[in-house]
Amino acid sequence: MEDANEKDVEKSVVEEISCVDPSVLLEVLLGEALHTQALVIETIGLSKGSLILQNMPENVQTDILQEIVRGERIPAELHELALRDILEKVREIESKNYVSLGGIDFAVGLLNLIDRSSEKKIICEIEKRDDEIAEEIKKRMFVFEDIVMLDDRAIQKVLRATDAQELAKALKHTDNEVKEKIFRNMSKNAAAMLKEDMEFMGAIRLKDAEEAQLKIVSIIRRLEECGEIVIARCDEKLIL
């Protein structure tokens, strides 16, 4: 009877730690020993465990995986004690009052509202300091659905530079407004062929559609950088 109660207690600890917000758990695990990091990742399951692993520093990801591969048997009470220690640290973080400030979305919002010259200078400086952050900002400055902001001549230039198959993939997972905007800027025959390609293609993975959309966004950004098109900001008028 006593053994059964101990198992119930351990089960509740496992369930509790499995429900912890991954970002909070990651914050705690960054300061823990390799053995503890591996133990917690093994405990919380594949889905959350993989999320934690991929956000750990690159120099320790391999070490954690090797620790997991080696595997071991530890007494149930030690397993429970280790998890309880992690939970206490999690509660300490969760009990503090934090206010979320800034973030990349706010930064992109600021850039969208300043003049183009200042925007380019800031992004250029960010690129010198951190390529990855600069690229993420660029991606969020213009998303595929924003293509409806372009005027007809700009869209036609984009279409001429875009592979037909990539366009078909990109349109498989987007709203009707975007599709209609594209179809209106093609000849009847070209639009009919594109629709046939999309139908013949059948269902495709969202990931594949998003990759195609990113390629087209890259074309749009390149055309803008070359001065071929201009992307409007807010009430700014498009000039080609």
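Q: What percentage of the contacts in the protein with a separation of 6 or more comes from residues 24 or more positions apart?
A: This is a predicted model, in which local features need pLDDT of at least 70, side-chain atom pairs count only at pLDDT 80 or more, and totals for chains, interfaces and linings use all residues. Residues are numbered from 1 along each chain as its sequence is written, and side-chain values use heavy atoms, with hydrogens and water left out. With contact taken as heavy atoms within 4.5 Å, the share from residues 24 or more positions apart is 74%.

Q: How do the axes of helix 3 and helix 6 cross, roughly parallel or roughly perpendicular?
A: Helices are DSSP runs of H or I with at least four residues, numbered from the N terminus, and axes are lines fitted to C-alpha atoms over the stretch in contact, with angles from 0 to 180 degrees between N-to-C directions. The axes of helix 3 (residues 34-44) and helix 6 (residues 76-95) come within 11 Å and cross at roughly 95°. Because angles of 65 to 115 degrees count as such, helix 3 is to helix 6 roughly perpendicular.

Q: Which helix gives the most residues to the largest nonpolar core?
A: A nonpolar core is a set of buried Ala, Val, Leu, Ile, Met, Phe, Trp, Tyr and Cys residues joined through side-chain atoms within 4.5 Å, where buried means under 20% relative accessible area (1.4 Å probe, protein chains only). The largest one has 29 residues, with Ile182 among those with the most contacts inside it. Helix 10, helix 11, helix 12, helix 13 and helix 14 each give two or more residues, and the most, 7 residues, come from helix 14.

How values were computed: Parallel < 35°, antiparallel > 145°, perpendicular 65-115°, else oblique. Buried < 20%, exposed > 50% of the residue type's maximum accessible area, 1.4 Å probe, protein only.
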